[in-house]
Amino acid sequence: GLRGEFATNTATKVEGRVYAPTPLKAMGKETYTIDVKFTADVLPALSGPPLPATGGEPGKALTALIAAIAKKNWNGIKAGLSPATLPSFDKDYNTPAENLSSAIDILKAWLPLDKSKVAGGMQLSDTDAVVEFEGEQFGMRQLVLVRMTRTGAAWQLREAIPAGFLR
């Protein structure tokens with residue numbers, strides 16, 4: 001019963017509406033209407049040279065962070081997080097043990113750590129890369145795109161975004 005229309009559908013912007021041309025029936029006798037207008041900028045696709053299958057230097061840094069998580073090494077975890085990301089994990093009102101426990105829980109939610117491996121990626125600039133990270137979480141194989149940023153000589157995790165499930 002819903003219809004959609006696009007007023008704009010370009011490489012940089014999408015705009016339109018989703019609506020019901022006639023009232024819709026709820027599970028009871030009630031009816032309702034809907035008319036939602038939307039507009040959104042479309043981000044350009046990432047581009048850059050591919051990283052080797054091991055992820056190159058950013059992949060090595062991510063692998064070191066994964067090892068620090070497995071060893072419950074708070075200093076190693078902090079060293080693997082970018083200056084923009086670390087404050088979310090290192091709270092001054094927590095003890096180091098509480099920060100470690102919280103960081104491990106959050107990073108395990110971000111990254112599928114079981115049967116995991118770096119699977120390549122893309123070098124976006126001298127200081128930015130996206131590493132493809134595969135692993136199992138909740139019994140399903142998953143791909144996560146991990147944005148690594150270089151601070152000085154060290155590559156560090158900036159953010160991790162689930163990209164989908166794998167077969």
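## Exercises on a predicted protein chain

Strand S1 is joined by six bridges to strand S2 (residues 13-19), and the two strands run antiparallel. The exercises below refer to a predicted model.

**Exercise 1. Describe the pairing of S1 with S2 and the cover of S1.**

*Solution.*
1. Begin with the connection: S1 and S2 form a hairpin, with three residues between them.
2. Next, locate one bridge within the pair. Glycine 4 has valine 18 as its bridge partner in S2.
3. Finally, examine the cover of S1, which spans residues 3-9. The count of buried residues among its seven residues is zero, and the strand is therefore hardly covered, given that a buried residue must have under 20% relative accessible area.

**Exercise 2. Determine the order of helices and strands along the protein chain, and state whether the chain is compact or spread out.**

*Solution.*
1. Count the elements: the protein chain contains three helices and 10 strands.
2. Place them in sequence order. The pattern reads β-β-β-β-β-β-α-α-α-β-β-β-β.
3. Compare the radius of gyration with the globule rule. The radius is 21 Å, well over the 15 Å that the rule gives for 167 residues, so the protein chain is more spread out than a compact globule.
4. Add the dimensions: along the principal axes, the C-alpha atoms fill a box of roughly 60 × 40 × 35 Å.
5. Consider burial and contacts. Of the 167 residues, 31% count as buried. Among contacts between residues at least 6 apart in sequence, 42% join residues at least 24 apart.
6. Turn to the surface. The protein chain exposes about 10,600 Å², of which carbon and sulfur atoms supply 56%.
7. Conclude with charge: there are 19 positive and 17 negative side chains, and the centres of the two sets lie 5 Å apart.

**Exercise 3. Establish the strand order of the open sheet formed by five strands, and identify its edge strands.**

*Solution.*
1. The order is S6-S7-S8-S9-S10, with antiparallel pairing.
2. The edges are strand S6 (50-51) and strand S10 (154-165), each of which pairs on one side only.
3. Within the sheet, strand S8 (residues 128-137) and strand S9 (residues 140-151) pair in the antiparallel sense over 10 bridges.
4. One bridge in this pair links aspartate 128 to threonine 149 in S9.
5. As a general point, strands of a sheet pair through backbone hydrogen bonds, either parallel or antiparallel.

**Exercise 4. Classify asparagine 99 as buried or exposed, and list its contacts beyond its neighbours within four places in sequence.**

*Solution.*
1. Asparagine 99 is located in helix H3 (residues 96-110).
2. Its relative accessible area is 2%; because buried means under 20%, asparagine 99 is buried.
3. Leaving aside neighbours within four places in sequence, asparagine 99 is in contact with Trp74, Phe89, Asp90, Lys91 and Asn94.

**Exercise 5. Give the backbone setting and the exposure of lysine 72 and of lysine 115.**

*Solution.*
1. Lysine 72 occupies the loop between helix H1 (56-71) and helix H2 (74-79). Its phi is near 55 degrees, a positive value in a residue other than glycine.
2. Lysine 115 lies in strand S7 (residues 114-123). Although lysine 115 is not a glycine, it has a positive phi of about 50 degrees.
3. Apply the cut-off for exposure, which is over 50% relative accessible area. Lysine 72, at 56%, counts as exposed. Lysine 115, with a relative accessible area of 65%, is exposed.

Methods
Residues numbered from 1 in each chain as written. Predicted model: local features only at pLDDT ≥ 70, side-chain atom pairs only at ≥ 80, totals over all residues. Heavy atoms only, no water. Buried < 20%, exposed > 50% of the residue type's maximum accessible area, 1.4 Å probe, protein only. Helix = DSSP H or I, 4+ residues; strand = E, 2+ residues; numbered from the N terminus. Pairing = 2+ DSSP bridges. Rg over C-alpha atoms; globule rule 2.2 N^0.38 Å. Contact = heavy atoms within 4.5 Å. Areas by Shrake-Rupley, 256 points an atom, 1.4 Å probe, with all protein chains shown as cover. Lys, Arg positive; Asp, Glu negative; His and termini not counted. Charge placed at Lys NZ, Arg CZ, Asp CG, Glu CD.
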